[in-house]
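Work through the exercises below with the sequence and the model open. Each task is followed by a solution in steps.

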Amino acid sequence: MILKRYRCKRFAGLKDKNVEFHDGINVLLGDNESGKSTLIEGIYAVMFKPTKIGRKSVDDKQFLYKFMPIPGGDSIDGELVISNQRGDYELRKEWGASPAAELVAPGVEKIKSEDKINEILKEVLIFGEGTFSNILFTKQQHIKEAMEKIIASKETTTEIGTLLRKAIMELDGISIDELGLKIDAEIDRLLKRWDVDRTYPENNKGINNPYKTGIGEVVEYFYRKERIRLSMEEAQAKEKHFDEIGSQLKELESSLSARKTDKEAMEKLEGDVIKRARLEPTIAQYEKEQAALMKINQQWPQHEMRLQQLEAELGKLAGEYGQLEKEKERAVNARDKEALLKNLSKVDEIQQKIFATDEKIKTIRNVTKEDIQALDENNQGVLTTEAKMNAGVMIGKLTHYAGASDLIITRDLDEPISIKAGDTFQANGYLKIEFEKLLGLELKSGDIDFADLRIQHAQYKKNMESLLLALGVRNIEEAKLNKEKLDELSRDQGEYQKQIKGLLGDQTYAALKTKIAEYGDLSQVMSIPAIESEIKTMDGKKIDLLSEQKSLQGVVAEWSKEYKDPNELLDRIITLKMAQKSDAELLAKLAPLPAGCENADMFSSDLADLRKAYEKDQGALSKLKEEYYDCEKNLPESTYEELAAEYKMVEERFEQKLAKGKNLLKIKKAFESTRARIDANSFAPLAQAFSKYIVLLTKGSFVAGDIDNSFQLKLEKDKETDIPIELLSTGTYDAVALALRLAILEYILGDTKGFMILDDCLVDLDPDRKAIAVQLIQNFASQHQVIFCTCSPDTARLLGGHVIQM
């Protein structure tokens, strides 16, 4: 994976930047502050920085502060083309006012979901952000911090360690991985789906809910013995059930004989009981209807009288409603008047604030934007001329002087002074030495016209003092502060006017006062809540009256439809009494009910229950006989005693398989312990590669010691002394850092094409070490991509490759 292109419309100081990268070495050449580091930051941001950023986290605040253009900018962007064996991946991101992300991948249409983009990038980039940050993107000026990050980053050291371990996992032709797989396979064959701690199949999958496939022999034998156990329980139950059915047959035949005798006795009385069943409900219904009609006969005149009373009450209520509506209208006017009075009071308060603000403005002398600009320009002129004058340093000493008069010197922008033998003096950019009219000597740093520079400096200083005096302030900061105060007071005035406009609306102040006067005296008006409470009470009363009226009207209307009038109702009552008397005489002639039966329904129910019970017993007897013969035929082929012997044998096999599986678990534990000891030397290949590069870069002065699993580095000098890397010189430290990065990348990249970004790591190396380092970088670039940042044209020529002018 290499980088092919980066471009942006705006990212910090970069604007409309388009950079093409080639395979091999790419040199970003430019002066300090030319944008080299910013371009690298832009590449990193496109790869890893989410587009949606807030202003609360420290990282997001620093990102916005560092890269968002100020002033006037609200967005930054970047586009990166990453290439691997599958093709080119074009990734675009924008941060700020309209955050967005977009990825065009080989064979995939445009993707705008950042989550999906991150999933694809995770596969393309191979390593995590920590590895890129600590190894591939590290700046030379932070090399010590970078090495500490590599050591401290769990993500980085884990990825490195995983790859290194693959190189040492084969010992003397014996594959540790293959042995581990065989142990795991044997454990799986025996204990698959078996919970050793709970001594039961995993997930509580017992015999009632067994695994269908994918089980080990322990689970298989567990199911076999459980199936035999269930068969034993079934055999025991069936044998017990066969004995119970024989006893039930004898009891049922005795019960059936007794029921037959009782049934025949009740059937002789059934005819009279049927007649009684018809007459008794009819007589009861006559009595019920008579009672209901007598009640209606009593209530009819009462309902008609109550309806007349309800009509009168509803009329009175309507008059009271009218009075309350008038009072409510006056209460609404009183509320509106009170609201207008509050607005008028607020307007008066705001007018007082406007007056007070006007008075404050009068106390501050006016400062314009142009005044501030003129002050800044002259102040910058003073600073610029002083900076030019201070561009260099000249130090002198008058060792011998035999003249009679003083020797005069003028330094930079200072006034002339006299010196004598033995005096030392210092100047930055300009020095003039004079001796009466016999000697005049001027010394300048570069080709600057210091006479003209002195005139410019004096003019800028004079202009600035004149402006400060005219504005009545002591310095630029005080002038800017006055300008800010005037701007703030002007904004307050505008806000007060908006508040008055909001309170008055389309009316004038006078019109508002007139409208308030038109309402008149409304001090004795009831409150709206009180009026509404009374109306609510009256509404409840009205609803109750109307509900009662409608109910009574419905009842009277129903009676009139059914009976016409009270006289017709009375005739209906007399007819019912006569029919009731006739049926009572027929009932007296029937045979009485047997003891224990209170009425005909109970007799019929008892007889029906007896017949059902008799028929049920007959069916049960027939069914029980069939069940007896079926049970006899369905007794298990193996008896309970035979199954118990088989269960014991299978249980012994189960225990043997389980014991073997547990022994294999102990073997696996010992194997894992052995493999862990092998893993302890995982960083040995890295130490060898690191040592190879260290020997080359330090010309044999140092060799690398061990690198332990916590990634602690040791250097050895003269094969005797361990030297901590933090005590090395700057040049040696840079060589160590470069060696470490090359060694790490050699192993984590392997045959995969990758890239590395270097921030001039050659600047502090001596010529010999620099030449060796250049050769190592070129060797690395023959298989991978290198992006090298430098401000030195000489370094760029040494490295060669594709030079990109910043």
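**Exercise 1.** Decide whether Thr 385 is buried or exposed in this predicted model, then describe its surroundings.

*Solution.*
Step 1. The relative accessibility of Thr 385 is 3%. Buried means under 20%, so Thr 385 counts as buried.
Step 2. Thr 385 belongs to helix α10, which covers residues 369-389.
Step 3. A polar atom of the Thr 385 side chain lies 2.9 Å from the backbone oxygen of Val 382. The cut-off for a polar contact is 3.5 Å.
Step 4. Leaving aside residues up to four places away in sequence, Thr 385 touches Leu 453, Gln 456, His 457 and Tyr 460.

**Exercise 2.** Locate Val 367 and list what it touches.

*Solution.*
Step 1. Val 367 sits in the loop between α9 (270-362) and α10.
Step 2. With a relative accessible area of 2%, Val 367 is buried.
Step 3. Its contacts, not counting residues up to four places away in sequence, are Ile 372, Leu 471, Ala 479, Asn 482, Lys 483 and Leu 486.
Step 4. Asp 487 is 120 residues from Val 367 in sequence, while the C-alpha to C-alpha separation is 9.8 Å.

**Exercise 3.** In the open sheet of four strands, which strands stand at the edges?

*Solution.*
Step 1. Write down the strand order, β13-β12-β15-β16, and note that the pairing is antiparallel.
Step 2. β13 (417-419) and β16 (439-444) each have a single partner strand, so one side of each is left without a neighbour in the sheet; these are the edge strands.
Step 3. On average, neighbouring strands of this sheet are turned by 25 degrees against each other, direction ignored.
Step 4. Take one pair in detail: three bridges join β12 (residues 407-411) to β13. Leu 407 has Ile 419 in β13 as its bridge partner.

**Exercise 4.** How many residues does the largest nonpolar core have, and which helix gives the largest share?

*Solution.*
Step 1. The largest nonpolar core has 80 residues. Among those with the most contacts inside it are Tyr 6, Phe 11, Phe 132 and Ile 777.
Step 2. Helix α19 (residues 730-749) gives the largest share of this core, eleven residues.
Step 3. A second, separate core has 25 residues, including Leu 522, Ile 528, Leu 545 and Tyr 563.

**Exercise 5.** State how many disulfides the structure holds, and whether Cys 631 and Cys 761 are buried or exposed.

*Solution.*
Step 1. The number of disulfides is zero.
Step 2. Cys 631 is buried, at 11% relative accessible area.
Step 3. Cys 761 is buried too, at 2%.

Terms used: Residues numbered from 1 in each chain as written. Predicted model: local features only at pLDDT ≥ 70, side-chain atom pairs only at ≥ 80, totals over all residues. Heavy atoms only, no water. Helix = DSSP H or I, 4+ residues; strand = E, 2+ residues; numbered from the N terminus. Buried < 20%, exposed > 50% of the residue type's maximum accessible area, 1.4 Å probe, protein only. Polar contact = N/O pair within 3.5 Å; in protein donor to acceptor, adjacent residues only side chain to side chain. Contact = heavy atoms within 4.5 Å. Pairing = 2+ DSSP bridges. Axes fitted to C-alpha atoms, helices over the stretch in contact; angles between N-to-C directions. Disulfide = S-S within 2.5 Å. Core = buried A, V, L, I, M, F, W, Y, C linked by side-chain atoms within 4.5 Å.
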